Amino acid sequence: MFLSLADYVVWVPGTLLRLLLCSLLLRWRIYREIPFFSAFIFLATARTLSLWWIYHDPTLESGIVFNFYWVTQILNTTAHGLAAAEVCWLALRAYRGVWELAWRSLAGVGVTLTVFAAVAALSNTHSIGAVALRAERGLELTVAGLLLVLFAFSRYYGIRVPLAVRYLAAGLGLHAGIEVINDSFMYAWFNTFF
């Protein structure tokens, strides 16, 4: 597969930053405190490195590359959702009563948005690429929804979320928002391609 200079300009610094983040998670043993977030970062880094290798291997068939990309993308999005759930737990775990109410609300929002994502992904779509894009967009909206509910609960109950947890939540929410925008443009522009 041919990659342009622009692809490398975006891909190389992003990969280096992910590798740096992985090394910090390992060096400071932060993965013990936030295992799902760490797994999300490690999976995303392994996926990026694997795709780098796959895109530079001319012997692989396009179908294999296509399937690998979308299967790992859905796994990555699932890990993103688990990391967001972990952030919700970290933010509210000290408040047992609030957590008892919040986890039910968060689970309800998560299930509702996931069902909506599945219905949207499967409706009026005839190709696997378009279904995967719509499913990913829906799952990323689920992550964003969970984080919004977290902030609503913390604001309503006057809970001071630790700064590190707020940064994790903001970063995961920003990542989800960028993925939603990206998937929306990809679906709109490449629907005829699919």
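Here are a few exercises, with worked solutions, on a helix pair and some aromatic rings in this predicted model.

**Exercise 1.** Work out how helix α3 and helix α5 pack: what is the angle, and how far apart are the axes?

*Solution.* Start by finding the two helices: α3 covers residues 62-92, and α5 covers residues 128-156. Next, look at their axes, which lie 10 Å apart at an angle of about 10 degrees. Angles under 35 degrees count as roughly parallel, so α3 is roughly parallel to α5.

**Exercise 2.** Find out which residues make the contact between α3 and α5, and how they divide into nonpolar, polar and charged.

*Solution.* Take α3 to begin with: its share of the contact includes F66, W70, I74, T77, A84 and L92. Now switch to α5, where I128, A132, E136, L139, E140 and L150 are among the residues involved. Sorting the residues of this contact by type gives 16 nonpolar, five polar and two charged.

**Exercise 3.** Zoom in on T77: is this residue buried or exposed, and which residues does it touch?

*Solution.* T77 sits in helix α3. Its relative accessibility is 2%, and buried means under 20%, so T77 counts as buried. Leaving out residues up to four places away in sequence, T77 touches E136, L139 and E140. Those three also show up on the α5 side of the helix contact.

**Exercise 4.** Describe the ring pair of Y69 and W70: how are the rings arranged?

*Solution.* A pair of aromatic rings is described by the distance of the centres and the angle of the planes. For Y69 and W70, the centres are 4.9 Å apart and the planes stand at 85 degrees. Planes over 60 degrees apart count as edge-to-face, so that's what this pair is. As for exposure, Y69 is partly exposed at 26% relative accessible area, while W70 is buried at 12%. Y69 has another partner too: the charged end of R47 sits over its ring, 4.6 Å from the centre.

**Exercise 5.** Now try Y156 and Y157: what kind of pair do they form?

*Solution.* Go through the steps again: the ring centres are 4.9 Å apart and the planes are at 90 degrees, so the pair is edge-to-face. Then check exposure: Y156 counts as exposed at 66% relative accessibility, and Y157 is partly exposed at 37%.

**Exercise 6.** Step back to the whole model: how many aromatic pairs are there, and which residues do ring pairs link into a cluster?

*Solution.* The count comes to six aromatic pairs. The cluster is made up of Y8, W11, W52 and Y55, linked by ring pairs.

Key: Residues are numbered from 1 along each chain as its sequence is written. This is a predicted model: local features need pLDDT of at least 70, side-chain atom pairs count only at pLDDT 80 or more; totals for chains, interfaces and linings use all residues. Side-chain values use heavy atoms; hydrogens and water are left out. Axes are lines fitted to C-alpha atoms, for helices over the stretch in contact, and angles run from 0 to 180 degrees between N-to-C directions. Helices (H or I, at least four residues) and strands (E, at least two) are DSSP runs, numbered from the N terminus. Angles under 35 degrees count as roughly parallel, over 145 as roughly antiparallel, 65 to 115 as roughly perpendicular and the rest as oblique. Contact means heavy atoms within 4.5 Å. Ala, Val, Leu, Ile, Met, Phe, Trp, Tyr, Cys and Pro count as nonpolar, Asp, Glu, Lys and Arg as charged, and the others, Gly among them, as polar. Buried means under 20% relative accessible area, exposed over 50%, partly exposed in between (1.4 Å probe, protein chains only). Rings of Phe, Tyr and Trp (its six-membered ring) pair if their centres lie within 6.5 Å; planes under 30 degrees apart count as stacked, over 60 as edge-to-face and the rest as tilted. A charge sits over a ring if NZ of Lys or CZ of Arg is within 6 Å of the ring centre and within 35 degrees of the ring normal.
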